[in-house]
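This report goes through a two-chain model, starting with the contact between the chains and then turning to annotated domains and local backbone features.

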Number of protein chains: 2
Amino acid sequence: MDGPDTTSAEHRGLDDETVSTLRLAMLPGIGPRTLTALIDCFGSPGRVLAAEASRLAAVPGVGPKLIHTIRTASDHVDTDSILRWCQTHDCDLLCQGRDGYPRPLEDLHDAPPILFAHGTMTRADELAVAIVGTRHATAYGTRQADRLAYGLAKAGVTVVSGLARGIDAAAHEGALSAGGRTIAVLGGGLGQIYPPEHVGLADAIAADGAVISEYPPYAKPRGGMFPQRNRIIAALALATLVIEAPDRSGSLITARQAGELGRDVLALPGPVTSRASRGTNQLIRDGATLVQTVDDILESLGPMARSVSTEDGHEVRNPAELKLNEVERTVLESIDASSTLIDQVIARSGLPAHQVMATISVLEIRHLIRRQSGHYVCRI
Amino acid sequence: MDGPDTTSAEHRGLDDETVSTLRLAMLPGIGPRTLTALIDCFGSPGRVLAAEASRLAAVPGVGPKLIHTIRTASDHVDTDSILRWCQTHDCDLLCQGRDGYPRPLEDLHDAPPILFAHGTMTRADELAVAIVGTRHATAYGTRQADRLAYGLAKAGVTVVSGLARGIDAAAHEGALSAGGRTIAVLGGGLGQIYPPEHVGLADAIAADGAVISEYPPYAKPRGGMFPQRNRIIAALALATLVIEAPDRSGSLITARQAGELGRDVLALPGPVTSRASRGTNQLIRDGATLVQTVDDILESLGPMARSVSTEDGHEVRNPAELKLNEVERTVLESIDASSTLIDQVIARSGLPAHQVMATISVLEIRHLIRRQSGHYVCRI
């Protein structure tokens with residue numbers, strides 16, 4: 001039991017700004033965009049909560065009702081009980097714009113201001129692929145979700161999904177069985193794992209990755225929250241791969257959101273006789289990239305905006321690098337983003353010249369380096 | 001038995017030029033391109049055969065050996081026995097550039113100068129789709145080949161294939177069971193049906209379509225003749241649909257040839273676990289259009305260079321017209337290629353104005369007509 005003079009926030013080492021963000025984000029009737037406008041205007045969540053009504057009214061989209069809600073925030077949100085839950089359940093709060101918040105979510109025009117997280121998210125998780133699909137998966141679909149998630153995780157890619165039955169669960173399990181990282185994004189609060197039989201799976205995911213949600217811990221998942229949740233799945237990953245989806249499946253919404261965010265949309269083909277493959281086949285017909293193998297997926301992902309460090313200490317700029325063998329990787333790491341003399345590559349790599357020359361050709365074919373003249377190469 | 005004074009050619013009502021073309025085309029060491037050059041130079045096949053050696057030598061690609069062959073043509077080719085075979089077996093000879101020769105083959109740079117044909121080819125056969133695939137088809141593949149061929153034939157599209165085991169046979173059978181037209185292009189002579197168990201199928205095809213070959217009747221099919229034959233399949237059809245093909249399947253060659261001829265390349269997706277779908281899935285990954293239904297196929301085919309008359313007397317410019325119901329067709333046929341006043345469409349069609357207006361919207365969405373202003377429409 002907490003004494004009267006200590007709050008849960010202090011126990012978790014949470015600062016005032018995080019608590020203020022939490023209070024604002026949980027207020028009824030305030031969306032991510034209005035929240036961002038308010039914080040931009042006043043400089044910090046704490047100042048928003050302390051602001052006078054007249055000044056709040058100057059912010060676009062803020063009306064008398066919302067002003068009243070903000071001014072009486074503590075009546076609406078019991079931050080203390082949320083913080084107590086987070087403390088008891090080892091749950092972190094990640095605030096937009098601050099350390100620990102996943103950078104790819106900043107691409108969303110309605111990024112969640114706060115995320116509840118079990119487990120940890122790392123910089124390496126920026127090298128992620130979302131694997132989604134129908135809850136009513138066939139044996140073909142679950143087998144493929146498991147196989148591809150396993151292969152991606154083995155290659156060092158984080159697998160993002162939604163903890164649902166069917167494809168989602170198979171994808172998380174595939175990544176876990178490879179000893180890799182996986183992230184589950186929930187459509188309800190962390191205290192309301194849905195479906196209930198996935199409580200154990202969620203714990204396993206949190207141990208080697210993260211289970212995250214933008215909803216307060218006790219929020220029950222409702223239908224409307226899933227499309228909303230899907231935007232986070234799409235944004236966290238470089239590409240969204242749909243494994244099986246009948247017509248009008250929610251995973252087709254995730255795919256559309258991924259496309260709108262400029263992320264790659266990938267789909268696994270299936271027999272035209274399978275209802276569960278009708279949406280994926282149509283997605284391919286509409287322009288999604290057909291993938292059959294892990295290599296297909298890695299090839300589809302172009303160079304990343306920011307390089308990331310994998311768990312084994314390599315700096316990855318292009319996911320296609322994950323397919324390289326030791327020699328290829330050594331040669332690649334001996335080449336700079338600026339012009340590098342081939343003689344210098346030979347010297348740095350410590351490999352025989354003929355092997356370096358042959359490997360340079362391989363790396364060129366894989367679009368990882370560019371030959372600039374007879375004597376110079378550079379990384380792409 | 002023929003009497004000594006009549007030739008088989010006379011019996012079949014064949015003219016001298018056809019016989020001369022046959023003689024030239026069957027000569028060893030003379031390809032379609034050289035043959036075309038010779039005929040272009042001398043004006044007719046008969047004049048080529050009568051030409052002097054010095055004048056033959058002036059044609060590019062014609063050397064001393066070929067000149068000798070041409071000058072002694074009757075020693076090399078027993079046209080009379082070929083013609084006798086054609087007479088006995090009700091086989092027509094179709095010469096390039098003359099009536100009855102399939103016009104789409106003129107798009108080939110090496111169009112066969114002569115074709116042997118059982119059955120008949122009609123102008124409506126220009127509205128054709130090739131359905132090809134592996135001989136080692138799965139139940140999924142043969143079922144789909146049959147289903148799509150049935151649907152296309154029912155819609156009035158001629159189905160072209162190669163009479164092989166597996167996908168080819170299923171495609172021909174599907175078209176026949178719809179009471180539609182189908183054409184088989186052989187990789188050997190018409191007297192050497194391969195595989196032998198398809199003799200009955202070939203007869204059924206000839207009764208409602210055609211079995212054709214560029215090889216003399218007794219030519220045994222050899223490996224090298226099939227890729228050669230595939231170019232004819234690709235050229236005859238507006239699009240080539242590959243149903244199932246493992247890596248390095250011959251049907252992928254047909255698909256490539258179709259693409260090179262500017263024809264559409266379509267492929268049916270399949271499970272990534274099926275070896276027989278690996279080539280088709282890869283084809284889609286490389287840019288072929290994924291199709292699941294007959295409508296998908298008809299939509300893929302753009303407007304045709306020349307309109308054709310279907311067996312039921314409609315003039316078709318765009319294969320998508322085959323999907324129309326009676327009302328839609330009536331409205332479409334009331335619209336000209338030039339601007340047509342909507343009031344005139346209503347008058348011509350004899351339908352209520354509101355129905356015509358609604359139908360015009362449908363036709364617009366299907367890219368069959370264009371609205372030019374509030375009052376005018378035109379066919380595309």
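In this predicted model, the contact takes 21 residues from chain B and 21 residues from chain A, where contact means heavy atoms within 4.5 Å. Chain B and chain A bury about 1600 Å² between them, with 55% of that area on carbon and sulfur atoms. Buried area here is the accessible area (1.4 Å probe) that two parts lose on being put together, summed over both. On the chain B side, B:Val272, B:Arg285 and B:Gln292 lose the most area to chain A, together 44% of what that side buries.

There are 4 salt bridges between chain B and chain A, a salt bridge being a side-chain nitrogen of Lys or Arg within 4 Å of a carboxyl oxygen of Asp or Glu. A:Arg285 forms a salt bridge with B:Asp296, and the closest N and O atoms are 3.3 Å apart. Between the chains, 10 residue pairs are in polar contact (both at pLDDT 80 or more). A polar contact is a pair of N or O atoms within 3.5 Å; within protein, one must be able to donate a hydrogen and the other to accept it, and residues adjacent in sequence count only if both atoms are side-chain atoms.

Four elements of chain B, helix 9 (139-155), helix 14 (278-285), strand 9 (289-290) and helix 15 (294-300), each supply at least two residues of the side that touches chain A. Helices (H or I, at least four residues) and strands (E, at least two) are DSSP runs, numbered from the N terminus. Helix 14 of chain B gives the largest share of that side, 5 residues. By type, the side of chain B that touches chain A has 8 nonpolar, 8 polar and 5 charged residues; Ala, Val, Leu, Ile, Met, Phe, Trp, Tyr, Cys and Pro count as nonpolar, Asp, Glu, Lys and Arg as charged, and the others, Gly among them, as polar.

A rotation of 180° with 0.0 Å of shift along its axis superposes chain B on chain A (RMSD 0.1 Å). That is the relation of a two-fold axis. The fit is by least squares on the C-alpha atoms of residues with pLDDT of at least 70 in both copies. Of the interface residues of chain B, 100% are also interface residues in chain A, so the copies meet through the same surface.

UniProt, in an unreviewed entry, places "domain: Smf/DprA SLOG" at residues 94-301 of chain A and "domain: DprA winged helix" at residues 318-374 of chain A. UniProt positions are given in the numbering used here, feature names are shortened, and annotations may be inferred rather than shown by experiment.

| Span of chain A | Helix | Strand | Distance between end C-alpha atoms |
|---|---|---|---|
| Residues 94-301 | 36% | 17% | 27 Å |
| Residues 318-374 | 51% | 9% | 24 Å |

Most residues other than glycine have a negative phi, and most peptide bonds are trans. A cis peptide bond joins A:Tyr194 and A:Pro195, with omega about -5°. A:Pro195 sits in the loop between strand 5 (182-185) and helix 11 (199-208) of chain A. A:Arg248 has a positive phi, near 65°, and lies in the loop between strand 7 (239-242) and helix 13 (250-260) of chain A.

Residues are numbered from 1 along each chain as its sequence is written, and chains are lettered from A and ligands numbered from 1 in the order in which they are written. Local features need pLDDT of at least 70, side-chain atom pairs count only at pLDDT 80 or more, and totals for chains, interfaces and linings use all residues, while side-chain values use heavy atoms, with hydrogens and water left out.
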